[in-house]
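Colleague: Could you walk me through this model? I'd love to go over its pocket and its sheet with you.

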Amino acid sequence: MSRNYILDKEAVARKLQRMAYEIVENNLEEKEIILAGIRENGSVIARNIEQLLHSINSNIKIWNIEIALDKKAPHDIKLSGETDFTDKVIIVVDDVANSGRTMLYAIKPFLAYLPKKIQTLALVERTHKAYPVNTDYVGLSVATTLQEHIFVEVEGEAIKGAYME
């Protein structure tokens, strides 16, 4: 069965580059940013964004951590690195933003602190929000039916594309 690609590898690279520039523009005064990738694909996207941020602005210190949670039942949330997130800029990264539920739960551990900002990034955003989460950085926004699903294809550290079924 052939896949209906909505983003190929080159388009993904352009989207990530644009989002990295947006992050720098929206955080010009910041000294450090914490990228918190939702495992698995969100973590790969976060590492790619980290590399791009270093190439754009070497003055911003970038921390990269992973958020582990079950997307179907996101009650138990684990962070790969614990630190004091008070007065820090945190960007929660995922591959696809759908209803907003995963992002909302992924933000939860940071609320025990007083972060300066919490922002969200998704390579692909669907327009079926059921939770009050706005995606700050979006690679591609797609209107889909509830029956259609979007998958981001990752191989190692490379993002191969995104397709819809």
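Modeller: Happy to! Keep in mind that this is a predicted model. A good way in is the lining of the largest pocket, where the largest share comes from strand 5.

Colleague: How many residues of that lining come from strand 5?

Modeller: Strand 5, helix 3 (101-107) and strand 8 (150-155) each supply at least two residues of the lining. The largest share is that of strand 5, and it amounts to four residues.

Colleague: Which residues lie closest to the centre of the largest pocket?

Modeller: The pocket has a volume of about 580 Å³, and 20 residues line it. By character, these divide into seven nonpolar, seven polar and six charged. Closest to the centre are K71, V96, N98, T102 and R126.

Colleague: Turning to the sheet, which strands are at its edges?

Modeller: The sheet is open, with six strands in the order 4-3-2-5-6-7 and mixed pairing. An edge strand here pairs on one side only, and that holds for strand 4 (78-79) and strand 7 (137-142).

Colleague: Which residue of strand 6 does I91 stand opposite?

Modeller: Strand 5 covers residues 89-97 and strand 6 covers residues 117-126. The two pair in the parallel sense over eight bridges. Opposite I91, in strand 6, stands Q119.

Colleague: And what angle does the direction of helix 2 make with that of strand 2?

Modeller: Helix 2 (residues 41-56) packs on the sheet, where it touches strand 2, strand 3 (61-68), strand 5 and strand 6. Its direction and that of strand 2 make an angle of about 155 degrees.

Notes:
Residues numbered from 1 in each chain as written. Predicted model: local features only at pLDDT ≥ 70, side-chain atom pairs only at ≥ 80, totals over all residues. Heavy atoms only, no water. Pairing = 2+ DSSP bridges. Contact = heavy atoms within 4.5 Å. Axes fitted to C-alpha atoms, helices over the stretch in contact; angles between N-to-C directions. 1 Å grid on protein atoms, 1.4 Å probe; cavity = no way out; pocket = protein on both sides within 12 Å on 5 of 7 lines; lining within 4 Å. Points joined across faces, edges and corners; volume = space filled by probe spheres on them. Nonpolar A, V, L, I, M, F, W, Y, C, P; charged D, E, K, R; others polar.
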